[in-house]
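Have the sequence and the 3D view ready, and let's take a walk through this protein together. We'll go from the inside to the outside and look at what touches what.

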Amino acid sequence: MGTMTTLLTLLLSLTSLLTATAALPLSTSSRWIVDENGQRVKLACVNWVSHLDPVVAEGLSKQPLDSISKRITSLGFNCVRLTWPLYLATNDSLAAVTVRQSFQSLGLQESIAGVQSNNPSLIDLPLLKAFQEVVTNLGNNNVMVILDNHVSKPGWCCSNNDDNGFFGDKYFNPDLWIKGLTQMATLFKGVSNVVGMSLRNELRGPKQNVEDWYKYMPRGAEAVHSANPDVLVILSGLYFDTDLSFVNNRPVKLTFPGKLVYELHWYGFSDGQAWADGNPNQVCGRVSSEVKRKAGYLLDKGFPLFVSEFGIDQRGTNVNDNRYLNCFLAAAAQLDVEYALWTLVGSYYLRSGVLGMNEYYGLLNWNWGEIRNSSLLQRLSVLQSPFQGPGLSEVRKHKIILHLSTGLCLLKVGFMGPLKLGPCSQSGAWSYSSRKVLALKGTYFCIQADQLGKPAAVGIICTDTNSQWDTISDSKLHLQSKTPDGTEVCLDVDSSNTIVTNSCKCLSKDKSCDPGSQWFSLVDSTLTSKSTSPILQVNSVLDMLGMNVL
């Protein structure tokens, strides 16, 4: 555990060094979000819940507000998707209730004591003012904020029959919604760290339809932009924000440019128990294709895509979630999308009638004092910085080879190897040629399959079949080659993080096996990496052998 913690600290430190404070406000440039200088800003966010019955940001009874904000930045996140209920902005009586009074009305005496101890300056503030204080403190810690209208009536979300789901539902009056968006946009006009507004979370229910989506969502977007032209305007889709396919042939028409972002939700349970009940390669291939069809295509059409909710049971025992996560990370890396992890929350004041409910999807533990799952953070750290985009073309485009179940990348250690896993910032630049050769750019070195069950080799004779690597299986995440004796093998990882070649696994319909150790993603990047095998060292040795290297 000590080694894992040390490595995680290193990875997060490297991430924080790479993440500079953006020149705000933000806008869009084709599929990218950029700052005032035109440089890519990647939203690496975490969801912080403030829409439940108390209408108070969760966790303030457990830890000081400033400690929570600083913890967010220390974990490598630059952004919070902060949820709020519509009635906070439209019901003056609710907005004027103090934090103390809200807790008292719900019988939350322990929460009152906790806030008095950890955040005494907040306990007697009106709910709306307390919400503003959270935003301000995040800004003081250089954390950007996306304001997310999660529900209308405060409470847990979401179901098809909660009357909060679509325009015309009992608690979803379109005119009141426009009013609330306008008031919230106006309230935070000039608050520089509020960089975007998500117009509504997870549209759903029996009333949902495309025509009303086009009737009301552009109206909401125009209202927000009119009140606060600085913020990004973020539109969600239908069916719990899993489907934006209808936009493909019917673009949204707005009067303003450079601010439109679309959002998507993608969980393991979005596909029921398919991950646990099916072959992971087949499920990953099918689900990834569906996600790209329903939302990923927007990137090719020149719109940023914000995966504003994804997450797993962080206890690590949920097979469905565990298999899904590897596939999700591959897509998130390959598409280089913006994202927000669900959730920061370690526990709730009150959720669905349960006091102090533990949130097992939460990044923090019940007391908000410790990380719940450090290995998940390690795997996410590679996504916290952009791979490419405007202003980031430090070198020509190349590949990094990302191992999905660890969040580490393939490195060449020493002159002739071995190949190991390590921080992606040190991965070096790989190329993947039309002949399917994986070579270290600027050198003659390529990856070779030597022998079944043995470490992958590094060689300079890259014309034989043992230097050719196919992306196979439905997931396209296995890298397969043939050893000199004709044995088919896949790249794998042993217990010491050495890259080895083993028999390819889980290629059939078998649902009981887990291919995670053999899943690698070839990710495009234009960032300079600090290779552990400098090109100068390679060239000097080859020169000694009489070989001419460009």
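## A strand covered on both sides

First, a word we'll need: a residue counts as buried when its relative accessible area is under 20%. Keep in mind, too, that this is a predicted model.

Now find strand 10, residues 338–341. Which of its residues are buried on each side? E338 and A340 are buried on one side, and Y339 and L341 are buried on the other, so both faces of the strand are covered, going by that under-20% cut-off.

Strand 10 also has partners. Strand 3 (residues 44–48) runs parallel to strand 10, and 3 bridges join the two. Look for C45, which stands opposite A340. Strand 9 (residues 305–310) pairs with strand 10 as well, again in the parallel sense and over 3 bridges. Here F306 has E338 as its bridge partner.

## Charges that meet inside

The whole structure has 19 salt bridges. Let's start with R40 and D336, whose side chains meet in a salt bridge at 3.0 Å, N to O. R40 sits in the loop between strand 2 (32–34) and strand 3, while D336 sits in the loop between helix 12 and strand 10, so this pair links parts of the chain that are 296 residues apart. Buried or exposed: which word fits R40 and D336? Both residues are buried.

R40 has another salt bridge, this time with E338, at 3.1 Å from N to O. Because E338 lies in strand 10 and R40 in the loop between strand 2 and strand 3, the pair ties together parts that are 298 residues apart in sequence. E338 is buried, just like R40. Zoom out a little and you'll find a network of salt bridges that links R40, K42, D336 and E338.

## A salt bridge between two helices

For another example, head over to D175 and R219, whose side chains meet at 3.4 Å, N to O. D175 belongs to helix 8 (residues 174–187) and R219 to helix 9 (residues 210–227), and the two residues are 44 apart along the chain. R219 counts as partly exposed because its relative accessibility is 36%.

## Two nonpolar cores

How many residues does the largest nonpolar core have? It has 124, and the ones with the most contacts inside it are W48, L60 and W213. Helix 12 (residues 319–335) gives this core its largest share, 9 residues. Another core lies apart from it, with 21 residues, including F445, A456, F520 and L522.

Try clicking on L60 to see its surroundings. Setting aside neighbours within four places in sequence, L60 is in contact with several residues, among them W48, L65, I68, V115, L122 and Y349.

## A buried threonine and a nonpolar patch

T28 is part of strand 1 (residues 27–29). Why does T28 count as buried? Its relative accessible area is 18%, and buried means under 20%. Residues that T28 touches, beyond those up to four places away in sequence, include I33, V34, L232, K259 and P304.

To finish, turn to the surface. Y444, I460 and I461 make a nonpolar patch of about 250 Å² there. I460 is in the loop between strand 20 (457–459) and strand 21 (470–472). With a relative accessibility of 31%, I460 counts as partly exposed.

Notes. Residues numbered from 1 in each chain as written. Predicted model: local features only at pLDDT ≥ 70, side-chain atom pairs only at ≥ 80, totals over all residues. Heavy atoms only, no water. Helix = DSSP H or I, 4+ residues; strand = E, 2+ residues; numbered from the N terminus. Buried < 20%, exposed > 50% of the residue type's maximum accessible area, 1.4 Å probe, protein only. Contact = heavy atoms within 4.5 Å. Core = buried A, V, L, I, M, F, W, Y, C linked by side-chain atoms within 4.5 Å. Patch = residues over 30% accessible without salt bridge, like charges linked within 9 Å, V, L, I, M, F, W, Y side chains within 5 Å. Areas by Shrake-Rupley, 256 points an atom, 1.4 Å probe, with all protein chains shown as cover. Salt bridge = Lys/Arg side-chain N within 4 Å of Asp/Glu carboxyl O. Pairing = 2+ DSSP bridges.
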